[in-house]
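Open the model in your viewer and keep the selection panel at hand. The stops below say what to select next and what is there.

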2 protein chains.
Amino acid sequence: MVQDSSERLFSQSVEDYVKSIYLLQQDSGSVTTSELAKKMKTSPAASTKMIKHLTENRLTEHTRYHGVRLSPAGEKIALEIIRHHRLIELYLHQALGYEWDEVDAEAEKLEHHISEEFEARIDKMLDYPLTDPHGDPIPTRELEIAPRRGAPLDNSEPGDTLIILRVRDSNPEALRYLKHLEMRLGTILKIIEKQPFNGPITLKIGEKTHSIGRELAGHVFVERYVREVVD
Amino acid sequence: MVQDSSERLFSQSVEDYVKSIYLLQQDSGSVTTSELAKKMKTSPAASTKMIKHLTENRLTEHTRYHGVRLSPAGEKIALEIIRHHRLIELYLHQALGYEWDEVDAEAEKLEHHISEEFEARIDKMLDYPLTDPHGDPIPTRELEIAPRRGAPLDNSEPGDTLIILRVRDSNPEALRYLKHLEMRLGTILKIIEKQPFNGPITLKIGEKTHSIGRELAGHVFVERYVREVVD
DNA sequence: AATATAATTTAACCATGGTTAAATTATACC
DNA sequence: GGTATAATTTAACCATGGTTAAATTATATT
Ligand SMILES: [Mn+2]
Ligand SMILES: [Mn+2]
Ligand SMILES: [Mn+2]
Ligand SMILES: [Mn+2]
């Protein structure tokens, strides 16, 4: 729409671009026009125009032909939207029984349209949660955010015993397949074999053995598992 | 925004105009340009333009200078949005503890952004409810809708014993004040006195007596109360 | 029937956020 | 250092949904 209802300061488009820049610059420091265009599924020209607009509004810093990064004000907005997104995902999962592959699409829209009141109420109802259904950290009300946990599963070596801490949230088919393999948050697994030439990884979960491709393994983030110590 | 995300067929603006036409034509049969503009808080020129656009898309029928009415397709969309709105209002009230004066504003935005999945899930969770927190009927999944119940309180006469079936949902201050007077859905009251020249109405609720103005009384819809018969 | 007034429509304009095609700039390689 | 290629930016365009001001039409009154 053109009219921005009630009290929102920025359009849905601006919010989504800023959020995408935040997520992309986590990996790369700064974000190129074409990376952003790809993530937003628009043309590079649209990306350039929006970068110009964001920079005029002091949400980003931009040096022509050399990528964009968020200003402190931009980061604040990104974290607000990410907080909405992840709280909504968790709420849909916990309160309404959504599966972990269904929550992202719904949250992608709702994140722009809930009030601070709604945010506060679901935050309280969920008892101030720290992670979303994919293991991503939820920014606090003060917009502090914990670091992302885990390293990609395809970086691990045969013999390692690992625990799943996080998964990429954006690919529903991958998420459904992982669930089908019983690979959830907290699942413990052992790497049995890793085929060369980017071949499949064989792993053991409970008594079962599975073989998964490198691409799928790249969606799963793990850390070494040390048996929990009971006092 | 300009881009209409994912699967929605019509913009938020179109949805809100169509919904407003539906609500206005309930009273008046057909809706004038200026009535619509007033309800949408835009200029008459914007209203005219949208009416033209809706008519080109076969959501309304329009004869120049003589008002607009919904086509069957337009009515379908209106009922879908009204169903969203009222289900969301009830959900916010029941599941998240919103007061009846808070739900309308939040639902006004969310109604455009929930999926059919979300609609189905809250409908089930609320056990397929028939009325919203203001006593308005909720269209069924097949978009059948019950008639609005009750007549304006200011049409009743001294001596009448009445039950509150419905209230206007759009004025939060009025709703808060009614709640403060313990005038809720299902409240039983008796008209004691009605001052002439549009003067106040005195009524008795339980042991308490209140006096309210005609304007506020026009927000409350009642029917004659007949003591419930127990088998 | 003519006319004043109010309602409605049209015209010209604007901002947002898209598109494709052309121009510009960076950079990798010979 | 010149040049091919890829990335980026600019230009020209479009749709949506607003605005205000001017033109048109309906209608109520004399
Ligand atoms: Mn989004
Ligand atoms: Mn997530
Ligand atoms: Mn609305
Ligand atoms: Mn309502």
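Select A:Ser11 together with DNA strand C: a polar side-chain atom of this serine lies 2.3 Å from a phosphate oxygen of the strand. That pair is a polar contact, meaning two N or O atoms within 3.5 Å; within protein, one of them must be able to donate a hydrogen and the other to accept it, and residues adjacent in sequence count only if both atoms are side-chain atoms. The model is predicted, so local features need pLDDT of at least 70 and side-chain atom pairs pLDDT 80 or more, while totals for chains, interfaces and linings use all residues. Residues are numbered from 1 along each chain as its sequence is written, chains are lettered from A and ligands numbered from 1 in the order in which they are written, and side-chain values use heavy atoms, without hydrogens and water.

Stay with DNA strand C and add A:Lys49, which has a polar side-chain atom 2.5 Å from a base oxygen. On the other chain, B:His62 places a polar side-chain atom 3.0 Å from a phosphate oxygen of this strand.

Now widen the selection to every residue near DNA strand C (one heavy atom within 4 Å of it). There are 23 residues around the strand, and A:Ser11, A:Ser13, A:Lys49, B:Thr33 and B:Ser34 come nearest. On the DNA side, 72% of the strand C atoms within 4 Å of the protein belong to sugar or phosphate, and the rest to bases.

Which elements supply at least two residues each to the surface near DNA strand C? They are α1 (12–28) and α3 (44–56) of chain A, with α2 (33–40) and α3 (44–56) of chain B. Helices here are DSSP runs of H or I with at least four residues, strands are runs of E with at least two, and both are numbered from the N terminus. With 5 residues, α3(A) gives the most to this surface.

Move to DNA strand D. Of the 23 residues around this strand, A:Thr33, A:Ser34, B:Ser11, B:Ser13 and B:Lys49 come nearest. Polar side-chain atoms of A:Thr33 and A:His62 lie 2.7 Å and 2.9 Å from a phosphate oxygen of strand D, respectively. From chain B, the side chain of B:Ser13 has an N or O atom 2.7 Å from a phosphate oxygen of DNA strand D. Two or more residues of the surface near strand D come from each of α2 (33–40) and α3 of chain A, and α1 (12–28) and α3 of chain B. Here α3(B) gives the most, with 5 residues.

Next, select ligand 3, a manganese ion. Its donors (N, O and S atoms within 2.8 Å of the metal, or 3.2 Å for Na, K and Ca; water is not among the atoms, so sites may look incomplete) are B:Asp16 (OD), B:Glu108 (O), B:Glu108 (OE), B:Glu111 (OE) and B:His112 (NE2), at 2.0 to 2.4 Å. The donor residues are spaced D-x91-E-x2-E-H in sequence. B:His112 is buried (under 20% relative accessible area; exposed is over 50%, partly exposed in between, with a 1.4 Å probe and protein chains only), at 2%. B:Glu108 is partly exposed, at 26%.

Last, show the sheet of chain A. Its 6 strands form an open, antiparallel sheet in the order β3-β8-β4-β5-β6-β7. β3 (151–152) and β7 (208–212) stand at the edges with a single partner strand each, so one side of each has no neighbour in the sheet. Strands pair if DSSP finds at least two bridges between them; β6 (residues 201–205) of chain A is joined to β7(A) by 5. To end, pick A:Ile201, which stands opposite A:Ile212 in β7(A).
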